[in-house]
Amino acid sequence: MPKNSKVTQREQSNDHVTESVADLLAHEEPFDCKNSSLNIGGAPGKKVPQIEVPENDGRPTWNSKLQYILAQVGFSVGLGNVWRFPYLCQKNGGGAYLVPYFILLLIIGIPLFFLELAVGQKIRRGSIGVWNYVCPSLGGIGMSSLMVCGFVGLYYNVIIGWSIFYFFQSFQYPLPWSECPIRRNGSLAIVEPECEKSSATTYFWYRQTLNTTSTIADSGGLNVKMTLSLLVAWIIVCLAVIKGIASSGKVMYFSSLFPYLVLFCFLIRGLMLKGSVDGIAHMFTPKLEKMLEPKVWREAATQVFFALGLGFGGVIAFSSYNKIDNNCHFDAVLVSFINFFTSILATLVVFAVLGFKANIMNEKCIAENTEKILGYLNSSVLSYDLIPPHLNFSQLSTSDYAEVYRVIKTVKEDGFAQLGLDPCLLEDELNKSVQGTGLAFIAFTEAMTHFPWSPFWSVMFFFMLINLGLGSMIGTMTGITTPVLDTYKVNRELFTVCCCVVAFFCGLLFVQRSGNYYVTMFDDYSAGLPLTVVVILENVSVAWIYGTKRFMQDLEDMLGFRPCIIYFYLWKYVSPICLILLISATVIEMAIIPPGYNAWVQELAEERFQSYPPWALTMCFSLIVVAMLPLPIVFIARRFNLMSDGSNKLSVSYGKSMMKDISNLEEQDESRFILGAKPGEAPPTAPAGRPYLTPARNKTLDPNSLSPNICYGTSYQNPAVSPTTPTTPITPATPVSDS
């Protein structure tokens, strides 16, 4: 070593070593702090450069804002918008139902949807990682969300399988459910009795599609046609999500937009049909007295809750792939209103078509009862003097038949019941409320048999249902895969394929001949109460544990503006109170209404309510318990330090695709050596009044905020030291050798 080197002179000197690594670095060539991947504070008195977090941390991002919005719309707009919302609207006061729904959308739906979007985007993790950070004791929230996604995905894809079966059956004319099958016994041909007692579409659904048994206890074995349809459905879903948002984002361009094309086509076609205006008028005629019933508000809150997909984890997963400065408040409002107007559009379509069907059924009723009246006239049971002379029995209108019916009922007051005449009121037909599979696979399919070019409209309708279901399934699967892939280093493609294979074999439960009853069971018990509990815990953990003020500051740092103060009160008070009331109402309803299902009785050719047997009842409540079990387990385990907070399993990406394990960061942190200026001097804190800076903007950043790097202690920024906190002296820097 040269004798005149600085290190040799220092070794020969008796003076204390006062030169730190920072002094040595001062002799090096200057470098651009802002462009450096290791950007930290300098010596006292010098201007501290901005903290820059690499924009590309290795996490995939959406190709465009449109792709992301379509993904959120595809997830939130699902089958419930088509076959649940119109039923609730008709049942709960028509147009009057829209008032409580819209109010609850504003005070519950949008704020909670905004909350999920914000935490996912800020922390950039799936549901497990997000809630492990916000409140480790409530980390079971993410696991419960994952469990519910699993349960829902199992039976939801079965519905897609049913739609696939009907889709392929639609490529024939006439449609296979347009007429009852004929049974031949030698030279004698008779109509299938089960079909004759019900209807052609009902028979096709229960007998030729599901081939259902009369009780849930009789499994009846596998339905081969439904098993193959389920296999096709899982193959489609697997291909859509196997590459994450790289594949699902492209699928969403079609699966999210195509249903709107079909709905608008059906609306235009429906408005051209006779009776469509009657259906729409009946739909939106407000029954204002219904608004005073608590049940209407409870059902509106439940529909708002599930329409936006809150608690499933899909919303958080999708938003976690956003850029940190994305305006998620705008996204929350936009997607919520798109969802609402889609429900209105679907309601218009459904009741335009059902109004057309009601007119056909009413005309059929009038024709049948007119024949009865003619028979009574010919057999002298009724006198021709009762019939107004201007009426033509060959073409009785609705008003003409109503007049004849009224006259006969007045004259034959005592023996009128024995005549067996029906009033044939259009209002009665329109009041026959149907929902779910009854609407999609029975009522709507029956209406389409009367359409010109009925196979074309049937193909379009069921292809729309497939796409609506696929959009929701992509969100559900993302809610499962994203948190697992964030927490554990597993191969995405392999894990996705394994999930789909396991789900297919578990889904065989739903393609037995009794599988329809299990779909009803899972729909009633696996998601409702557990998801409501999950969402209220999400709300409480952010608003009361993490802190609403702190969260609002995080949002200001992230968005560049402070959200309206109303969100503070909605998150802190209004939403928790509404959710507690909703949970209470749900529990009371479950306690009052006996658990059961509507079974198809083949001999009677009609549905009959049956109570669940003890083993099925146990299964119902097991679904609730299993879905919520992670909540107390994780809470107790972390309360007694039996489980880590999960942060040591998370890894972060750095600028050059280098993965660095979080557990080693503290050991390898060299900033304390670089910042030391004198022996025994603690690293300088950030200058007073100079808070942390955000990566993309010159905004202040709370060191305890919901930053993805700060959350898990992964950023290379200078740790702030409180003035009141005692500091440990830094040991003098060791001599540097030439090697």
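**Group meeting: charges, rings and a surface patch**

Good morning. I begin with a contact between a charge and a ring: the charged end of lysine 572 sits over the ring of tryptophan 544, 3.8 Å from its centre. Please keep in mind throughout that this is a predicted model.

Tryptophan 544 also takes part in a nonpolar patch on the surface. The other members are Ile545, Ile565, Tyr569, Tyr573, Ile577 and Leu581, and together the residues of the patch have about 740 Å² of accessible area. Two elements each give two or more residues to this patch, namely α25, spanning 528-559, and α26, spanning 566-592. Helix α26 supplies the largest share, with four residues. One residue of that helix is tyrosine 569. Is tyrosine 569 buried, partly exposed or exposed? Its relative accessible area is 41%; buried would require under 20% and exposed over 50%, so tyrosine 569 is partly exposed.

Let me now place this in the context of the whole protein. The protein has 739 residues, and buried residues make up 52% of them. Its secondary structure consists of 31 helices and eight strands. Of the contacts between residues at least 6 apart in sequence, 79% join residues at least 24 apart. The protein exposes about 34,200 Å², and carbon and sulfur atoms supply 61% of that area.

I turn next to the aromatic rings. The count comes to 60 aromatic pairs. One of them is formed by phenylalanine 441 and phenylalanine 462, which are stacked at 5.9 Å centre to centre with 20° between the planes. This pair links distant parts of the chain: phenylalanine 441 belongs to helix α21, residues 436-448, and phenylalanine 462 to helix α22, residues 454-487, with the two positions 21 residues apart. Both phenylalanine 441 and phenylalanine 462 are buried. A further phenylalanine, at position 451, has the charged end of arginine 269 over its ring, 6.0 Å from the ring centre.

My last topic is the salt bridges. As a general matter, side chains of opposite charge can pair when their charged atoms come close. How many salt bridges does the structure hold? There are ten salt bridges in the structure.

I shall describe three of them individually. In one, the side chains of lysine 65 and aspartate 331 meet at 3.1 Å, N to O. Lysine 65 lies in helix α3, residues 65-76, and aspartate 331 in helix α17, residues 328-378, so the pair links distant parts of the chain, 266 residues apart. Lysine 65 counts as partly exposed at 35% relative accessibility, whereas aspartate 331, at 0%, counts as buried.

Helix α17 also contains glutamate 363, which forms a salt bridge with lysine 274, the closest N and O atoms being 2.7 Å apart. Lysine 274 lies in the loop between α13 (258-271) and α14 (276-284), and it is 89 residues from glutamate 363. Lysine 274 is exposed, with a relative accessible area of 56%, while glutamate 363 is partly exposed, at 38%.

In the third, arginine 562 pairs with glutamate 556, with 3.0 Å between the closest N and O atoms. Arginine 562 is partly exposed at 42% relative accessible area, and glutamate 556 is partly exposed at 28%.

Finally, a network of salt bridges links Arg298, Glu299 and Glu589. Thank you for your attention.

Note on methods:
Residues are numbered from 1 along each chain as its sequence is written. This is a predicted model: local features need pLDDT of at least 70, side-chain atom pairs count only at pLDDT 80 or more; totals for chains, interfaces and linings use all residues. Side-chain values use heavy atoms; hydrogens and water are left out. Patches are made of residues with over 30% relative accessible area and no salt bridge: like charges are joined within 9 Å, nonpolar side chains (Val, Leu, Ile, Met, Phe, Trp, Tyr) within 5 Å. Accessible areas come from the Shrake-Rupley method with a 1.4 Å probe; for residues, only the protein chains shown count as cover. A salt bridge is a side-chain nitrogen of Lys or Arg within 4 Å of a carboxyl oxygen of Asp or Glu. Buried means under 20% relative accessible area, exposed over 50%, partly exposed in between (1.4 Å probe, protein chains only). Contact means heavy atoms within 4.5 Å. Rings of Phe, Tyr and Trp (its six-membered ring) pair if their centres lie within 6.5 Å; planes under 30 degrees apart count as stacked, over 60 as edge-to-face and the rest as tilted. A charge sits over a ring if NZ of Lys or CZ of Arg is within 6 Å of the ring centre and within 35 degrees of the ring normal.
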